[in-house]
Amino acid sequence: MKEQNYKKGETIFWEGDPGNCMYLVRWGSVGVFLNYATSKQKQLTTLRAGDYFGEMGLIDGEARSATVVVLERGTILERIGEDEFAEFLQTNPAMVHDILTQLCHKLRHATKEYLDVCKSLGQAVGNDTITVDESSNYHLNEDERLSSIHGEVQQSMAQDA
């Protein structure tokens, strides 16, 4: 693990880059962006000392889902690479718990947004049978409910085509 100072405006990694490490913010701040440096740029969040980022790409090896840019001069980040990650997990149980909690939060948030989109699509195509409220699928677990709604939206769109 190596700490490094960064300049304001410096890009740590770009959306689509390989996910081979994570970072801990030791001092300063970074911004997490979608479509960075384009007309569709959107800042998702600001991370400060004690926060971390890049854990998803490090864990699953997938490409980066966002661009991270330094917001403050003199920001200090600690880089944790693939080869150091196992040791980091063993020596930082509180951080492991926090990472798992945050990943669950991200998954729940993404699922809610997906369900909201499904509901909107159902309303847009005029299909009153597409429902995403808890009462209509109370007997299904979250995965079954998501699969059910996704199937209903696809079926409705196929019928309208």
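A pocket, as the word is used here, is an open set of grid points, on a 1 Å grid over the protein atoms alone, with protein on both sides within 12 Å along at least five of seven lines. The structure in question is a predicted model, and its largest pocket holds about 960 Å³ of space. This pocket is lined by 31 residues, of which Val32, Leu44, Thr45, Met56 and Lys106 are the closest to its centre. Two or more lining residues come from each of β4, β5, β6 (52-53), α1 (55-60) and α3 (93-124). The most is given by α3, which contributes nine residues. Sorted by class, the lining comprises 14 nonpolar, eight polar and nine charged residues.

These elements belong to a chain with four helices and eight strands. Along the sequence their pattern reads β-β-β-β-β-β-α-β-β-α-α-α. Of the 161 residues in the chain, 30% are buried. The area that the chain exposes is about 10,300 Å², with 51% of it supplied by carbon and sulfur atoms. When contacts between residues at least 6 apart in sequence are taken, 73% of them join residues at least 24 apart.

One part of the fold is an open sheet of four strands, in the order β1-β8-β3-β6 and with antiparallel pairing. Its edge strands are β1 and β6, each of which pairs on one side only. A walk across the sheet can start at strand β1 (residues 2-6), which runs antiparallel to β8 and is joined to it by five bridges. Here glutamine 4 stands opposite leucine 77 of β8. Next, β8 pairs with strand β3 (residues 21-27), again in the antiparallel sense, over six bridges. In this pairing methionine 22 stands opposite isoleucine 80 of β8. The last step goes from β3 to β6, an antiparallel pairing over two bridges. There the bridge partner of leucine 24 is tyrosine 52 in β6. The strand β6 thus has a place both at an edge of the sheet and among the elements that line the largest pocket.

How many of the seven residues of strand β8 are buried? Strand β8 (residues 75-81) has five buried residues out of seven, so the rest of the structure largely encloses it. The cut-off behind this is a relative accessible area under 20%. In general, the side chains of a regular strand alternate between the two faces of the sheet.

The loop between β4 (29-34) and β5 (42-48) is the next stop, and asparagine 35 lies in it. For asparagine 35, phi is near 55 degrees, a positive value in a residue other than glycine. Alanine 37 has its place in the loop between β4 and β5 as well. Phi of alanine 37 is near 65 degrees, also positive although the residue is not glycine.

How much of each residue is accessible is a separate matter. Asparagine 35 counts as partly exposed because its relative accessibility is 35%, a value that falls between the limits of 20% and 50%. Alanine 37 counts as exposed because its relative accessibility is 57%, and the limit for that class is over 50%. The two strands that flank this loop, β4 and β5, are among the elements that give two or more residues to the lining of the largest pocket.

Technical notes. Residues are numbered from 1 along each chain as its sequence is written. This is a predicted model: local features need pLDDT of at least 70, side-chain atom pairs count only at pLDDT 80 or more; totals for chains, interfaces and linings use all residues. Side-chain values use heavy atoms; hydrogens and water are left out. Buried means under 20% relative accessible area, exposed over 50%, partly exposed in between (1.4 Å probe, protein chains only). Two strands pair if DSSP finds at least two bridges between them. Contact means heavy atoms within 4.5 Å. Accessible areas come from the Shrake-Rupley method with a 1.4 Å probe; for residues, only the protein chains shown count as cover. On a 1 Å grid over the protein atoms alone, a cavity is a set of points where a 1.4 Å probe fits but cannot get out, and a pocket is an open set with protein on both sides within 12 Å along at least five of seven lines; lining residues have an atom within 4 Å of a point. Grid points are joined across faces, edges and corners, and a volume is the space filled by probe spheres set on the points. Ala, Val, Leu, Ile, Met, Phe, Trp, Tyr, Cys and Pro count as nonpolar, Asp, Glu, Lys and Arg as charged, and the others, Gly among them, as polar.
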